[in-house]
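Me: I would like a close look at one part of this protein. Please set the scene briefly, then go through the details residue by residue.

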Amino acid sequence: MRLIGQIHVSLKGSIIQRDPTLWEKLKRGFGATLDLDTDRMRVELEATAVVDQVRRALVQLGVGNALSLVIDDTVIFQDTDGKPDDLPDLVLALSEHSAVFGRGFTELKFAAEHEEAGLHLVIEARARTEHAEDEPAGIVSVGGRLRDLEPRAGEPAEDYRRRVEPLAKDPALFETARLQFESFVGRLEGALKASMPEARVEQRQAEARVVHAPSGDGAAAGPQPASPTHPGYDPFMVYYPPSPLSVMLDVMLISSFMHMLSPPHVLFVSPAGMPLGTAQEAAANPDLLNDADRGDEGAGDEGDGLDDGDGLDDGDPWGDDGGGLDDGGGDLGDFGD
């Protein structure tokens, strides 16, 4: 089961103006008033200030384990050794680069992880100084897993199945995890509001998902969306690539939830992140998933303006690897990456 949450952070900025054409320059010379406004905004942000505000919000929740900090494709910090409580190390690394990034940046990505109440969480904050007028300046994504459902190091598939199968039949386990996750995302929203009083901070989602791969061929563990605004984006899978056993888990959970009298509040989605229905709806109408199998969901254009065939190219300028690592996502479009 995948726990997905997202918080948008909006800041006041200035509208970016385009350069006038030669004809417009001539018109202006004769006193004409020109409208050179574009649909893009620019926000004045300093890397050190952004990191400090996010850090203070995380510390308020007891989060102290940093994963990475990437600014304009430069890796400032990366926890390659799995060192715990290394958030101060990240701050120190940034201070050593303050002469370069202290006065501004194009894109910043800050990731940390946390464990509480049996959940393993990845928190990723992204900020951009230039963005579309209807987009937020920052996006904080949260991805989570139940620690008991994660494969153990070197655990054979059959041993994993035997260990997890009884857990998959316990609806209370998943309901408790969902509520704990919603609580964490809500507390994170409150902490960000406190550390960013000048910003508008809005929680957009906090939900539990299970991926239904129609072909059953492992599509659920395939390439991940690069953009945090893509419906299938999961920051956990950016920093912890999925095990092949995750497909087995999805299959077990779907089968178990479909046979429960009162299944937990979980959303079934396609590998591209498109909603298929809740566990309750699927239990009441088993044809719901069969209809998805017969359709073209996850295999092409769904009419939403996004190319969800592989979950990668959605035309979104936020689209990159999220961790400063090359994921084959390609060009970032208007940010010149």
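What percentage of the 337 residues in the protein do buried residues make up? After that, please focus on Arg 145: where is Arg 145 found, and which residues is Arg 145 in contact with, leaving aside its neighbours within four places in sequence?

Reply: First, a caution: this is a predicted model. Buried residues account for 49% of the 337 residues. The protein has 10 helices and 12 strands. Its accessible surface is about 15,900 Å². Carbon and sulfur atoms hold 51% of that surface. Now take the contacts with a separation of 6 or more. Of these, 68% link residues 24 or more positions apart.

Now Arg 145. It is found in strand E9, which covers residues 138-146. Its relative accessibility is 12%, so Arg 145 counts as buried; the cut-off for buried is under 20%. The side chain of Arg 145 has a polar partner: a polar contact of 2.7 Å joins it to the side chain of Asp 234.

The contact list of Arg 145 is best read in groups. Neighbours within four places in sequence are left aside. Met 1, Arg 2 and Leu 3 are in contact with Arg 145. So are Gly 118, Leu 119 and His 120. Glu 150 is on the list as well. The remaining partners are Asp 234, Phe 236 and Met 237. Asp 234 thus appears in the contact list and in the polar contact with Arg 145.

Next, the loop that leads to helix H7. This loop runs between strand E10 (200-211) and helix H7 (235-239), and Pro 225 is found there. Pro 225 has 4% relative accessibility and therefore counts as buried. Pro 225 and Val 238 are 13 residues apart in sequence. Their C-alpha atoms are 9.1 Å apart in space.

For context, some features elsewhere. Start with the aromatic pairs. The count comes to two. One of them joins Phe 174 and Phe 257. That pair is edge-to-face, with 5.1 Å centre to centre and 80° between the planes. Phe 174 lies in helix H6 (residues 171-195) and Phe 257 in helix H8 (residues 245-258), so the pair ties together parts 83 residues apart in sequence. Both Phe 174 and Phe 257 are buried.

On the surface, Leu 22, Trp 23 and Leu 26 form a nonpolar patch. Together they have about 390 Å² of accessible area. Trp 23 is found in helix H1, residues 22-29. Its relative accessibility is 59%, so Trp 23 counts as exposed.

Two aspartates deserve a backbone check. Asp 72 has phi near 50°, a positive value in a residue other than glycine. Asp 72 is found in the loop between strand E4 (65-71) and strand E5 (74-78). At 29% relative accessibility, Asp 72 counts as partly exposed. Asp 85 also has a positive phi, near 50°. Asp 85 is found in the loop between E5 and helix H3 (87-95). Its relative accessible area is 60%, so Asp 85 is exposed.

Back to the residue you asked about. Arg 145 is buried, is found in strand E9, and has a polar contact with Asp 234.

Note on methods
Residues numbered from 1 in each chain as written. Predicted model: local features only at pLDDT ≥ 70, side-chain atom pairs only at ≥ 80, totals over all residues. Heavy atoms only, no water. Helix = DSSP H or I, 4+ residues; strand = E, 2+ residues; numbered from the N terminus. Buried < 20%, exposed > 50% of the residue type's maximum accessible area, 1.4 Å probe, protein only. Patch = residues over 30% accessible without salt bridge, like charges linked within 9 Å, V, L, I, M, F, W, Y side chains within 5 Å. Areas by Shrake-Rupley, 256 points an atom, 1.4 Å probe, with all protein chains shown as cover. Salt bridge = Lys/Arg side-chain N within 4 Å of Asp/Glu carboxyl O. Polar contact = N/O pair within 3.5 Å; in protein donor to acceptor, adjacent residues only side chain to side chain. Contact = heavy atoms within 4.5 Å. Phe/Tyr/Trp six-rings, centres within 6.5 Å; stacked < 30°, edge-to-face > 60°.
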